[in-house]
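Let's take a friendly walk through a protein model. Keep the 3D view open and follow along.

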Amino acid sequence: MTDWFTWYDLAVPAALALALGGGFIAAERWAAVRTAYYRSVHWLLKPVVALSGLMTALERRLRPPRWKLAGGCNRCGECCELLAVSLTPFMARHPAAVRFVQRFHEVNYGFVHEGYEPGKGLLFHCPHLGPDHLCSIYGRRPRLCREYPSAYAAYPPDLSPLCGFRLEE
């Protein structure tokens with residue numbers, strides 16, 4: 001796979017360096033500081049997240065999708081069993097950026113980190129998935145969930161056989 005670079009490859013290291021400073025190091029060392037720190041980061045990064053949405057919309061107008069998708073959601077809940085937060089190859093090479101993305105999703109969305117898999121990204125279990133395989137926070141679910149599967153993700157979506165979406169060649 002060729003190495004590619006996107007605008008957020010610059011945004012994450014810049015946010016780490018400018019907005020976070022030594023707090024990131026303290027949060028990683030002391031669990032008591034961790035939750036408060038990442039919750040405050042959530043609010044500090046609200047403008048960055050809003051800009052992220054605008055930049056993503058612009059990117060999608062200017063660049064063709066990486067993957068061709070067909071079909072639609074049939075509410076099977078399979079994609080929520082194990083969420084993959086894709087990282088570009090550039091970000092995946094930087095442990096501090098990977099750790100920041102991991103902790104951010106754990107604290108702000110309640111996701112449970114399950115590991116990292118090359119070709120997929122950071123893997124999380126979603127505690128908001130109900131026994132009926134429906135989202136219990138559907139109205140305020142993260143953008144990651146609202147936009148899944150993404151034709152613009154770093155890696156092709158790993159679609160379950162039960163999923164209504166299909167990757168086209």
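## Starting with a histidine

Is H133 buried, partly exposed or exposed? With a relative accessibility of 32%, H133 counts as partly exposed, because that label covers values between 20% and 50%. Keep in mind that this is a predicted model.

To find H133, look in the loop between β4 and α8 (143-146). Setting aside neighbours within four places in sequence, H133 touches R75, C76, G77 and E81. Another residue to look at is C79: it sits 54 residues from H133 along the chain, yet their C-alpha atoms are 9.9 Å apart.

## Arginines over a tyrosine

Now click on Y138. R141 lies over the face of its ring, 3.8 Å from the ring centre. R75, which we just met as a contact of H133, also has its charged end over the Y138 ring, at 6.0 Å from the centre.

## A small set of strands

Next up is the sheet. It's an open one made of 3 strands, in the order β2-β4-β3, with antiparallel pairing. The edge places go to β2 (83-85) and β3; each has a single partner strand, so one side of each has no neighbour in the sheet. On average, and ignoring direction, neighbouring strands here are turned by 30° against each other.

Zoom in on β3 and β4 and you'll find 5 bridges in their antiparallel pairing. For instance, V112 has H125 in β4 as its bridge partner. The helix α7 lies across β2, β3 and β4, and runs at about 20° to β4.

## Rings that meet

How many aromatic pairs turn up in a search of the whole structure? There are 4. Take Y109 and F111: their ring centres are 5.6 Å apart and their planes are at 40°, so this pair counts as tilted. Y109 is partly exposed, with a relative accessible area of 23%, while F111 is buried at 3% relative accessibility.

F111 also pairs with F124, and this pair is tilted too, with 5.9 Å from centre to centre and 45° between the planes. Here the rings link distant parts of the chain: F111 is in the loop between α7 (95-109) and β3 (112-117), F124 is in strand β4 (residues 121-125), and the two are 13 residues apart. Both F111 and F124 are buried.

Finally, try highlighting F100, F104, Y109, F111 and F124 together, as these form one aromatic cluster.

Methods
Residues numbered from 1 in each chain as written. Predicted model: local features only at pLDDT ≥ 70, side-chain atom pairs only at ≥ 80, totals over all residues. Heavy atoms only, no water. Phe/Tyr/Trp six-rings, centres within 6.5 Å; stacked < 30°, edge-to-face > 60°. Buried < 20%, exposed > 50% of the residue type's maximum accessible area, 1.4 Å probe, protein only. Helix = DSSP H or I, 4+ residues; strand = E, 2+ residues; numbered from the N terminus. Lys NZ or Arg CZ within 6 Å of the ring centre and 35° of its normal. Contact = heavy atoms within 4.5 Å. Pairing = 2+ DSSP bridges. Axes fitted to C-alpha atoms, helices over the stretch in contact; angles between N-to-C directions.
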